[in-house]
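Take a moment to look through the structure below before reading on. The paragraphs that follow go through it step by step.

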Amino acid sequence: MSRESLRRMPRAFVVDCALSLAVAVSTVLTSVMAGGRAEQSPPDWLGYLLLVVAAVFLVARRRFPPQVMVLTMLVSLLYFGLGFGTGAFTIAPALAVYTAIAAGHRIAGFSGAAVYLVVVLLADRLAGQRNVSEGNIWLVIWILVIVVVGEVSRSRAEHLRVVAEQAARAELTREMEAQRRADQERLRIARELHDVLAHNISVISIQAGVAEHLLRRDPDKAHLAVTTIRRVTKDVLVELRSILDVLRRVDEAAEIFPPSGLEGIERLAGRAAAGGITVDLDVRGRASRVPADVGLAAYRIVQESLTNVIRHSGAAHASVVVHVNEADVLVRVRDDGRGVSGDDVRAGNGIAGMTERVEAMSGTITAAPADGRGFVVEARLPLRRPER
């Protein structure tokens, strides 16, 4: 057989072939040197053939452990029954018992070892050997050692398998957690993009309409509208650039988004005023007590609410209330527009996005038609979120 053919064979098969050859050679040589006990016949060609056949069965010991154990025992007992009494005939059955137990066939291995010992010892007894011989004692010790070693090997292999499964589960859990965090980050960025674009483009659209309407009749007011468009466009470009920088990972130390918090709400009110909405602003409490994420959430709620006022309500007036309390931040935006129905509230993406944002911070939010006229959005954002 060429070296290339040997390299292509499975390593376990090559090892088993080598083991089978070693067992065949060792058992035959041991039997030749022992020559047989006084009351038993020395092995002849048939005895040597049986020893070789028992060793050959070991080639398939990994694939068919119980079957190989039974076959080696039958051949070994036939050898012993023909009167060939050297101890070498127990090597192949012992290795087969070890393989069966180590492979997880514990009942078959224990039962096979016990039956084999009983048959050999009973055969000696029937042959007229009334006292326990030294050979029988060594046979019992040999088989017991093989059984113990096989059980230890099986336990160790089972432990390694459990450890490998736990490591695989841990790796899968880490991958799932990383995927979950990536999905949350994508959802958060999508919400930020929606809030930034919806609000600013609404203002730009309204101001562009105003500029177009007044371009000939009142150039000064048209110029003011164009100036507002330019300022709002600059702001939205800054925010978009910050978001894109995060997506590209240009600067890992940069802030994820421009600092938008309670200090930016006055700017939102100014943009809404530029869109033709009169805004009453009521901001109370110490903004320094508000964490950055809570401030950003309050900012986005006001931004989305004013965007809806500009685009959908037909209102002329809106009030924005932001109160920093001991335990939470109250955000309330109310307009005097025509209001919307419950179906319209559920159909919009803006309110759904605000709801997701508030729930993620363990807060509460309501968005519903106001009493009498208009629409009101009210949210409470806890300053400290409960541990999950």
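In which sense do strand β4 and β5 pair, and over how many bridges? In this predicted model, strand β4 (residues 364-369) and β5 pair in the antiparallel sense, and six bridges connect them. One place to see this pairing is Thr 364, which stands opposite Arg 380 in β5. Between the two strands of this hairpin there are five residues, and Gly 372 takes a positive phi near 90 degrees there.

On to the next pairing: strand β3 (residues 328-335) is joined to β5 by eight bridges, and these two strands run antiparallel. Here Arg 334 has Val 376 of β5 as its bridge partner, while Ser 319 also stands opposite Arg 334 in β3. Strand β2 (residues 317-324) is antiparallel to β3 as well, with seven bridges joining the two.

Put together, five strands form an open sheet with mixed pairing, in the order β1-β2-β3-β5-β4. Its edge strands are β1 (278-284) and β4, each of which pairs on one side only, and the twist from one strand to the next averages 5 degrees. In general, strands of a sheet pair through backbone hydrogen bonds, either parallel or antiparallel.

Helices lie across this sheet too. Helix α9 (residues 265-274) lies across β1 and β2 and runs at about 170 degrees to β1, whereas helix α10 (residues 292-313) lies across β2, β3 and β5, running at about 5 degrees to β3.

Why is strand β5 (residues 375-382) described as largely enclosed by the rest of the structure? The reason is that six of its eight residues are buried, where buried means under 20% relative accessible area.

Note on methods
Residues are numbered from 1 along each chain as its sequence is written. This is a predicted model: local features need pLDDT of at least 70, side-chain atom pairs count only at pLDDT 80 or more; totals for chains, interfaces and linings use all residues. Side-chain values use heavy atoms; hydrogens and water are left out. Buried means under 20% relative accessible area, exposed over 50%, partly exposed in between (1.4 Å probe, protein chains only). Helices (H or I, at least four residues) and strands (E, at least two) are DSSP runs, numbered from the N terminus. Two strands pair if DSSP finds at least two bridges between them. Axes are lines fitted to C-alpha atoms, for helices over the stretch in contact, and angles run from 0 to 180 degrees between N-to-C directions. Contact means heavy atoms within 4.5 Å.
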